[in-house]
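Here is a short report on one protein chain. Please look at the sequence and the fold before reading on.

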Amino acid sequence: MDNSPVSDPGKAGNSAEQKASNQPRSGERPNQGAAPAADYDGPAPRESTLIPAPDVAGARHHHTILAQPPEALTGLRLSERQRVAAGVQAIIKSMEFSWSEGGLSRGTRGLLHMNQKDGFDCSSCAWPDPDGHRSIAEFCENGAKATASDADDKACGPEFFAKHSLVELSQMTDRDQNNAGRLTHPLVKRPGGTHYEPIEWPEAFDIIAQELNSLASPDEATFYTSGKVPNEPAFLFQLFARQFGTNNLPDCSNMCHESSGAALSSTLGLGKGSVTLNDIHEAEVIMVIGQNPGTNHPRMLTALQIAKQNGAKIIGVNPLRETGLDHFKNPQDFMNPIKAVGALLGSGTPISDVFLQVRVDGDMALLRGIMKHLLAAEELNPGQVIDHDFIARHTTGYRSVVDNLQQTSWDEIETLSGCTRAELLEAANLLAHKQKIIICWAMGLTQQRQGVQTIQELVNLLLMKGAIGKPGAGTCPVRGHSNVQGDRTMGIWEKMPDTFLDALQKEFNFAPPRAHGLDTVESIRAMHEGRVKVYFGLGGNLLSAGPDTELIAEAMRKQHLTVFVGTKLNRGHLLTGRTSLLLPCFTHADVDMQKSGHQMTSCENSMGVVSQNKGVLTPLPGQMLSEVAILSGVAIATLGDRLRGDWVAMTENYDLIRDHIARVIPGFENYNEKLRRPGGFYLPNGPRDRSFTTADGKAHFTRTTLETPDLRRNELVLMTVRSHDQFNTTIYDYNDRYRGIHGERRVLFMNRADMAERHLQAKDLIDITSHFKGQQRTVEKFVAVPYDIPKGNVAAYFPEANPLVPLSSVAKVSNTPTSKFVVVTVEKAKELAPA
């Protein structure tokens with residue numbers, strides 16, 4: 001250890017030592033370097049046999065440790081849907097939560113350093129920060145809640161776990177589990193045990209090593225990653241898994257933007273978005289489709305507000321009329337004396353100029369309708385609507401798509417989309433004579449049956465307009481977690497291309513496995529079938545994030561060992577294998593002191609900017625370790641003489657990890673230097689410069705096939721959504737004030753006509769049953785809520801509705817669970833609710 005390099009402790013994040021970056025001005029393109037190769041290859045996942053459906057409704061009678069949140073209702077109160085997002089109420093809620101979790105001093109310190117150039121990256125969504133000036137409060141309500149939760153000054157240590165068995169902990173709500181405090185000590189649940197008990201780190205590492213080394217094959221282990229994990233531990237995690245001998249590296253991206261990666265790589269040559277934050281500001285038209293920014297990415301509303309002030313028009317597309325697509329009051333305006341009165345008394349900035357209330361799974365038909373209108377407009381105005389020069393120079397496949405559009409009838413488009421020809425014309429008219437067009441989307445598209453094909457259709461629209469590779473135009477998949485995009489860049493993927501594996505082999509002098517590993521759905525299946533015996537989770541909550549909750553629970557119970565690295569207790573930690581380890585780690589906000597001093601890590605946001613995390617909060621007393629230190633301990637104990645690389649030195653100085661990354665991954669040359677620039681640096685992005693790294697160097701139009709859902713009488717299509725008081729699987733409270741829901745999460749949003757057909761009244765207790773290839777799964781004791789949603793569609797909160805999503809129901813090509821297309825029936829509950 002004494003021979004490991006030592007860096008200047010004050011260097012990381014010290015603005016006095018940083019070089020100025022070449023930040024792009026509004027309308028300019030960032031200097032990024034050569035375009036990377038396409039990052040999505042290999043065959044589509046095989047269609048697997050159907051696993052028998054678990055007994056969802058009866059699980060609580062068969063298993064004392066609950067995989068689903070308790071069915072007890074917490075008390076529903078309904079109010080009108082809010083018409084304005086954020087505003088002064090968001091400020092109040094942010095401060096309330098922050099100070100209640102971390103205390104006044106600790107909570108405020110965390111907020112003031114979040115998303116600052118010398119601070120740490122928000123641990124919630126991956127929306128980018130401004131390249132130039134940043135506000136003193138560069139965060140939203142969601143980010144404030146996430147950071148407050150990370151800054152929690154309550155300890156959830158050995159005493160807490162001694163008092164509460166796993167059975168008792170599972171009977172708590174997800175909110176109360178999160179609010180128990182920060183994990184502070186390594187814990188073990190031994191075979192036959194009923195409680196987590198304290199364990200020393202060396203023994204924990206030895207248990208992992210013994211279980212892994214006793215496997216008949218390295219492929220009997222799977223290594224899952226949360227999108228919250230920074231670049232440096234993510235790189236080490238995949239390096240350890242591959243040195244151990246497997247490519248089983250599932251991650252949360254498999255369940256969210258995998259469809260985006262598949263669609264964008266095949267059409268544009270890169271599985272990432274092509275725009276910058278400045279492009280949003282410069283755009284003439286922005287389409288927000290399959291995304292609810294007000295709840296899931298609130299800081300995006302500031303960018304949309306700037307775009308509107310610059311003259312942009314916004315097309316909102318969503319099955320639900322969401323507050324964030326209605327009006328927005330920027331909390332930053334309350335700190336400006338000139339804007340404060342208007343912000344307080346005014347109605348806010350109107351967001352959507354055109355709102356299209358699409359049916360669930362109807363987005364592909366909607367996009368076709370808009371393109372049919374554009375083709376008709378081009379016939380009347382030759383050369384003024386379609387960018388034929390761009391199409392001829394940079395694309396292939398245009399005529400096939402035109403033929404496909406001409407063969408699609410308006411009856412089919414209107415029936416599948418739920419929008420009229422006239423409504424689609426209104427949107428097309430906004431696009432017809434504009435070229436600076438951006439389309440933003442999220443899981444409302446990616447988790448459909450045809451998520452990949454829908455995004456390819458979206459790309460068709462942009463290519464038709466020449467709206468790729470120039471200021472103010474392009475693709476914008478909005479990532480949900482702080483570093484889910486960066487984890488993929490670091491090699492967290494079950495089928496990384498040979499170019500990456502070749503570079504890894506050269507750098508560390510070992511032969512990485514070449515056979516593709518298991519993604520998230522395939523890992524769950526393999527765990528359930530006994531082909532995987534060790535589950536190692538670096539962050540996250542697979543039980544609650546994944547589909548088919550009770551099937552995942554069955555799979556976890558079959559494991560010889562489950563390992564959970566995390567910061568706070570969640571339900572996923574309670575569904576364990578024969579032996580289970582719960583290992584506490586630092587958050588983005590925690591000071592990470594190693595031998596060489598105060599360490600920083602890094603994350604990549606939705607727009608390909610890599611910037612630093614340097615924590616500012618003193619970790620709570622206990623035995624927490626950094627993710628890097630935990631992974632190094634596991635690697636050293638497991639691989640021994642087989643280990644390649646100086647993992648002790650890398651733990652003592654994270655600069656050494658970044659030096660390795662710089663030599664393995666294109667775009668990270670001089671990583672340590674560039675990371676210390678204020679605001680970080682942009683990674684190469686071919687589509688941003690019209691460099692399409694497809695096989696023929698062209699952008700590809702894609703001919704897709706519209707599919708009509710086969711629904712029987714009384715069947716509805718369910719989509720899962722999130723409330724305003726949650727982020728991902730973390731539940732902060734039981735409210736969703738934007739949708740008028742207070743005090744309850746077990747609700748089903750229904751069209752009033754659908755309720756009338758089933759003789760349901762508001763607040764009636766109901767059971768919901770999903771139907772898939774002859775299988776049924778039922779959740780009980782939900783509350784019916786009338787809402788403005790298309791007839792035939794319903795919505796319920798994630799993760800409460802996840803038990804309805806079959807593991808085998810996946811999107812084509814990407815293998816992403818279809819959480820936005822679940823066929824269900826609804827009936828009055830068999831049991832009456834208690835008074």
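Is asparagine 670 buried or exposed? At a relative accessibility of 53%, asparagine 670 counts as exposed, because the cut-off for that class is over 50%. The model is a predicted one.

## Overall make-up

The protein chain has 835 residues, and 66% of them are buried. Its secondary structure comprises 31 helices and 33 strands.

Contacts reach far along the sequence. Take those between residues at least 6 apart: 80% join residues at least 24 apart.

## Backbone exceptions

Most residues other than glycine have a negative phi, and most peptide bonds are trans. Some places in this chain depart from that pattern. Asparagine 670 is not a glycine, yet its phi is positive, at about 55 degrees. Asparagine 670 sits in the loop between α29 (654–664) and α30 (671–675). Histidine 759 also has a positive phi, about 55 degrees, and is not a glycine. The loop that holds histidine 759 runs between α31 (752–757) and β30 (765–772). With a relative accessible area of 61%, histidine 759 is exposed.

The peptide bond between phenylalanine 798 and proline 799 is cis, with omega about 10 degrees. Proline 799 belongs to the loop between β32 (793–797) and β33 (822–828).

## Helix α9 and the nonpolar cores

Helix α9 covers residues 231–244. Its 14 residues should span 20 Å at 1.5 Å a residue, and the C-alpha atoms at its ends are 20 Å apart, so the two values agree. Burial is complete: 14 of the 14 residues of α9 are buried, so the helix is largely enclosed by the rest of the structure. Just after α9 comes glycine 245, with a positive phi of about 125 degrees.

In soluble globular proteins, nonpolar side chains tend to be buried together. Here the largest nonpolar core has 64 residues. Phe223, Phe235 and Leu581 touch the most other members. Helix α9 supplies the largest share of this core, eight residues. A second, separate core has 54 residues, among them Met287, Val317, Leu356 and Leu424.

Which residues does leucine 581 touch, not counting residues up to four places away in sequence? The list includes Leu187, Val188, Tyr196, Ile199, Ala204, Ile207 and Ile208. Leu561, Thr562, Val563 and Phe564 are on it too.

## Two further enclosed helices

In helix α4 (residues 141–150), 10 of the 10 residues are buried, so α4 is largely enclosed by the rest of the structure. Among its buried residues are Glu141, Lys145 and Asp150. Gly143, Ala144 and Ser149 are also included.

Helix α26 (residues 549–557) has seven of its nine residues buried, so α26 too is largely enclosed by the rest of the structure. The buried residues are Thr549, Glu550, Leu551, Ile552, Ala553, Ala555 and Met556. They pack against three helices, α1 (59–62), α24 (520–529) and α25 (542–545), and two strands, β16 (534–538) and β17 (561–566).

## Around helix α19

Leucine 430 is part of helix α19. Its C-alpha lies 8.5 Å from that of isoleucine 315, although the two are 115 residues apart in sequence. Not counting residues up to four places away in sequence, leucine 430 touches Val285, Lys313, Ile315, Asp353 and Val354.

Lysine 434 is in the loop between α19 (421–432) and β14 (437–441). Its relative accessibility is 33%, so lysine 434 counts as partly exposed. Lysine 434 and glutamate 284 are 150 residues apart along the chain, with their C-alpha atoms separated by 6.7 Å. Leaving out residues up to four places away in sequence, lysine 434 touches Glu284, Val285 and Lys465.

## Cavities

How many cavities of 30 Å³ or more does a search of the whole structure find? The search finds 13. The second largest has a volume of about 170 Å³.

That second largest cavity is lined by 17 residues. Nearest its centre lie Pro230, Phe586, Thr587, Asp592 and Thr601. By class, the lining has six nonpolar, seven polar and four charged residues.

How values were computed: Residues numbered from 1 in each chain as written. Predicted model: local features only at pLDDT ≥ 70, side-chain atom pairs only at ≥ 80, totals over all residues. Heavy atoms only, no water. 1 Å grid on protein atoms, 1.4 Å probe; cavity = no way out; pocket = protein on both sides within 12 Å on 5 of 7 lines; lining within 4 Å. Points joined across faces, edges and corners; volume = space filled by probe spheres on them. Nonpolar A, V, L, I, M, F, W, Y, C, P; charged D, E, K, R; others polar. Helix = DSSP H or I, 4+ residues; strand = E, 2+ residues; numbered from the N terminus. Expected span 1.5 Å × (residues − 1). Buried < 20%, exposed > 50% of the residue type's maximum accessible area, 1.4 Å probe, protein only. Core = buried A, V, L, I, M, F, W, Y, C linked by side-chain atoms within 4.5 Å. Contact = heavy atoms within 4.5 Å.
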